[in-house]
Amino acid sequence: MLSASCLIFATMDKRKLFYSLSPALRFYVRRIYYFPADFLNLILKKRHPLEPPKGLIYTGWGNFIEHGKKHLHYLISHANLKPADSILDVGSGIGRSAIALTTYLNKDGSYEGFDVVKLGVDWCRKKISKKFQNFNFKYVDLKNDLYKSNGDDATSFVFPYKDNEFDVTFLMSVFTHMSVDEINHYLSEIYRVLKPNGKCLATFFYFDDATLHRMKNKSTDIIFESDRGNYWLMNDTVTSANICIESEQLKKMISQNGFTIEKIVDGYWRDFKNQHGNDYQDIVVIRKLSADE
């Protein structure tokens with residue numbers, strides 16, 4: 001039986017091979033890899049009616065529907081989401097969170113989502129928006145070396161929404177695939193589109209002194225190999241593969257963009273033995289400060 005460390009390094013080797021491919025090829029490889037399972041699920045009709053084939057899912061891993069339900073649980077328990085709220089999903093992917101939200105938002109609530117991968121947006125429009133009129137998805141042409149080889153610069157992207165429009169914004173495994181400058185800019189845009197006292201729930205990888213020691217000794221369950229000072233990268237050639245930010249740097253960025261931290265829930269990525277019902281990544285909930293604060 002392989003030890004945990006052997007399994008970790010075997011996974012890392014697969015990731016390096018995957019990241020060596022172009023963004024377009026990564027999609028094709030996934031389609032081919034999951035074709036047998038997708039064909040079997042189609043024949044046996046095992047898939048949820050709103051669930052895409054595994055070969056089309058380009059974000060996350062594990063049970064697609066159950067993970068979406070977890071995201072909904074986090075939004076309700078950590079960000080106090082209400083059924084009538086207006087919500088913005090930054091990096092809506094192929095509908096993982098949106099599917100769960102269709103069971104919670106009522107007719108007075110609204111959902112907006114945008115993503116850089118047109119395939120995901122098209123799927124969500126076809127499968128979700130047609131059934132739920134208060135769910136809208138937008139495609140934005142931005143470059144990200146994990147998903148796209150071309151597009152506009154995310155550091156100057158203006159969210160296609162009005163000021164003070166949303167009660168809650170969330171980003172699941174989005175900031176973990178962006179540069180520090182991109183994250184900082186997105187925080188400023190999230191501040192703009194949130195209502196006063198509105199909340200944003202986002203996942204990160206962040207490190208403190210204890211985690212830094214584990215990373216340097218390669219004893220975490222996810223390995224960041226490239227030390228860039230106040231952040232580490234998983235892969236030097238694909239800078240959006242995964243980023244881990246120094247905790248004080250993250251707190252500084254949050255504060256400078258007009259937010260206060262409401263809650264931090266450590267993820268279990270540091271140690272799979274201590275999951276405690278938390279998410280794999282670190283959850284950070286921030287609140288937009290009102291004018292008199």
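Visitor: How do the residues of the lining of the largest cavity divide into nonpolar, polar and charged?

Guide: This is a predicted model, and in it that lining has six nonpolar residues, one polar and one charged.

Visitor: Which residues are they?

Guide: Tyr-206, Ser-247, Leu-250, Lys-251, Ile-254, Ile-261, Ile-264 and Val-284. Helix H8 gives the most, four residues, and strand E10 (259-265) also gives two or more.

Visitor: How much space lies in there?

Guide: About 50 Å³.

Visitor: OK, and how many cavities of 30 Å³ or more does a search of the whole structure find?

Guide: Two. The second largest has a volume of about 30 Å³.

Visitor: What's the lining of that second one like, by class?

Guide: Eight nonpolar residues, with no polar and no charged ones. Strand E5 (194-204) has the largest share, three residues, and strand E11 (282-288) supplies at least two. Phe-175 and Leu-187 are among the lining residues. Ile-254 and Val-284 turn up in this lining and also in that of the largest cavity.

Visitor: Back to H8. Where does H8 pack?

Guide: On an open sheet of four strands, in the order E6-E9-E8-E7. Helix H8 (residues 247-256) touches E6 and strand E9 (243-246), and its direction makes about 80° with that of E9.

Visitor: Which are the edge strands of that sheet?

Guide: E6 (206-207) and E7 (226-227), each pairing on one side only.

Visitor: What joins E7 to E8?

Guide: Two bridges, and the two strands run antiparallel. In one of the pairs, Asp-227 has Trp-232 in E8 as its bridge partner. Over the whole sheet, the pairing is mixed.

Key
Residues are numbered from 1 along each chain as its sequence is written. This is a predicted model: local features need pLDDT of at least 70, side-chain atom pairs count only at pLDDT 80 or more; totals for chains, interfaces and linings use all residues. Side-chain values use heavy atoms; hydrogens and water are left out. Two strands pair if DSSP finds at least two bridges between them. Contact means heavy atoms within 4.5 Å. Axes are lines fitted to C-alpha atoms, for helices over the stretch in contact, and angles run from 0 to 180 degrees between N-to-C directions. On a 1 Å grid over the protein atoms alone, a cavity is a set of points where a 1.4 Å probe fits but cannot get out, and a pocket is an open set with protein on both sides within 12 Å along at least five of seven lines; lining residues have an atom within 4 Å of a point. Grid points are joined across faces, edges and corners, and a volume is the space filled by probe spheres set on the points. Ala, Val, Leu, Ile, Met, Phe, Trp, Tyr, Cys and Pro count as nonpolar, Asp, Glu, Lys and Arg as charged, and the others, Gly among them, as polar.
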